[in-house]
Amino acid sequence: MSDEMKIDHANEVYADLCAALDRSGIVYEKDVSKLVCKFTVNGADIPMRYYISVDTVRQVLMMISYMPFVFPEDKRIEGAIAACHSTKRIVDGSFDLNVFDGYLRYRLTSSIKDGTVTDAVLNYLISCACAVIDEFNDKFNALIKGSLSLDEFLAS
Amino acid sequence: MADEKALLRARMAYDNLRAHIDGRGWQHQDFDDQLSLRCSVNGQDLVMDILLHVNPDFELVTLLSRLPFNAPQELQMEFAIASNILNSNIIDGSFDFNIYSGEMMFRLSCSYIDRELTNGLIEYIINCSLDTIDAANDKLKSLADKTIDLEQFAHMFA
């Protein structure tokens, strides 16, 4: 695929993403120049802020959600082990702890090759991400606060 | 539980996967009843075993590749950090580290909701996975063999 075709396809996918978000009723912010949409979903305990971007060069859609807390330096080894344990238990996506700054994100990537964002695709992305994050975010937070030990996290 | 339509689509996706692997001339072992197939590929440094699986319930194709070595027990913490360093730097897929067994598995999933599992899409799944594994497996092996330490590993991906 030529660079021009990649740009055209990425723009089409971004337009389809915005249209699907409009139909879903989700309130979102757009950054058309970066092909980015941002929105918040209220989870069972902690609100989830999402960032979806269309990557023109790699032809993928990346959905990222940063947890609204940071692992302090003395908790990052436990955080790394907890992120590994959680990632192994999920079907799609991963928890990535930046061990240098303590930020933890959930990342779900989807190739846009031979496809676009339909209502069903958007529903899959959001429901998958919400289910996974909702299951683990309060536990990560409790691990940071010390109200849950690493052993308890691993057993939960 | 997937309905009949989802199972048919999964079967079509699996057939496309098999045809694609045949087209590459790779030998494969098929597990038709599990919609899975296994094959081996020579990377730049190490052989990569890959398992491709179609999940009818999620309309998802997953590529799994277990690295051919385990982290020693005393390096469990280093490997947990290393997998997070890798996952923070890659676009698609993840290195899943089993903190109990020391196994490291690369996993990349791709949904085929509202689209066919085309040759182009399969090519993306395989090429992206192999490139990502090839870029990291020798460094993880060096970490496991203790020929590099975690700091040196981290510098390679900084």
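The accessible surface of chain A comes to about 7,100 Å², with 52% of that area belonging to carbon and sulfur atoms; accessible areas come from the Shrake-Rupley method with a 1.4 Å probe, and for residues only the protein chains shown count as cover. This is a predicted model, in which local features need pLDDT of at least 70 and side-chain atom pairs count only at pLDDT 80 or more, while totals for chains, interfaces and linings use all residues. Residues are numbered from 1 along each chain as its sequence is written, chains are lettered from A and ligands numbered from 1 in the order in which they are written, and side-chain values use heavy atoms, with hydrogens and water left out.

**Stop 1: chain A as a whole**

Select chain A and colour it by secondary structure. Four helices and six strands make up its elements, where helices (H or I, at least four residues) and strands (E, at least two) are DSSP runs numbered from the N terminus. Followed from the N terminus, the order is α-β-β-β-β-α-β-β-α-α. The C-alpha trace spans about 50 × 30 × 25 Å along its principal axes.

Of the 156 residues in chain A, 54% count as buried; buried means under 20% relative accessible area, exposed over 50%, and partly exposed in between (1.4 Å probe, protein chains only). Among contacts in chain A with a separation of 6 or more, 55% are between residues 24 or more positions apart; contact means heavy atoms within 4.5 Å.

Chain A has 16 positive and 23 negative charges, and their mean positions are 2 Å apart. Lys and Arg count as positive and Asp and Glu as negative, with His and the chain ends not counted. The place of a charge is taken as NZ of Lys, CZ of Arg, CG of Asp or CD of Glu.

**Stop 2: the start of helix H1 in chain A**

Select A:Asp3, A:Glu4, A:Asp8 and A:Glu12, which form a patch of negative charge on the surface. Patches are made of residues with over 30% relative accessible area and no salt bridge: like charges are joined within 9 Å, and nonpolar side chains (Val, Leu, Ile, Met, Phe, Trp, Tyr) within 5 Å. A:Asp3 belongs to helix H1 (residues 3-24) of chain A and is exposed, at a relative accessible area of 59%.

**Stop 3: A:Leu35 and A:Ser53**

Go next to A:Leu35, in the loop between strand S1 (28-31) and strand S2 (36-42) of chain A. Its phi is near 55°, a positive value in a residue other than glycine. A:Leu35 is buried, with 7% relative accessible area.

Then select A:Ser53, in strand S3 (residues 47-55) of chain A. A:Ser53 is also buried, at 14% relative accessibility. Outside its neighbours within four places in sequence, A:Ser53 is in contact with A:Leu35, A:Val36, A:Val60, A:Leu61 and A:Met62.

**Stop 4: B:Ile50**

Move to chain B and select B:Ile50, in strand S3 (residues 47-55). Its relative accessible area is 0%, so B:Ile50 counts as buried. Beyond four places in sequence, the residues in contact with B:Ile50 include B:Trp26, B:Leu37, B:Cys39, B:Leu63 and B:Leu130. For a distance label, pick B:Tyr100: from B:Ile50 it is 50 residues away in sequence and 22 Å away in space, C-alpha to C-alpha.

**Stop 5: salt bridges**

Over all chains, the structure has 17 salt bridges, a salt bridge being a side-chain nitrogen of Lys or Arg within 4 Å of a carboxyl oxygen of Asp or Glu.

Select B:Glu116 and B:Arg9, a salt bridge whose closest N and O atoms are 3.9 Å apart. B:Glu116 lies in the loop between strand S6 (103-111) and helix H3 (119-144) of chain B and B:Arg9 in helix H1 (residues 4-23) of chain B, so the pair ties together parts 107 residues apart in sequence. B:Glu116 is partly exposed at 40% relative accessibility, and B:Arg9 is partly exposed at 21%.

Next, B:Asp32 and B:Arg18 form a salt bridge at 3.1 Å, N to O. This pair links distant parts of the chain, 14 residues apart: B:Asp32 is in the loop between strand S1 (28-31) and strand S2 (36-42) of chain B, and B:Arg18 is in helix H1 of chain B. Add B:Asp15 and B:Asp30 to the selection to show a network of salt bridges that links them with B:Arg18 and B:Asp32.

**Last stop: B:Lys146**

Finish at B:Lys146, in the loop between H3 and helix H4 (150-156) of chain B. The phi of B:Lys146 is near 65°, a positive value in a residue other than glycine.
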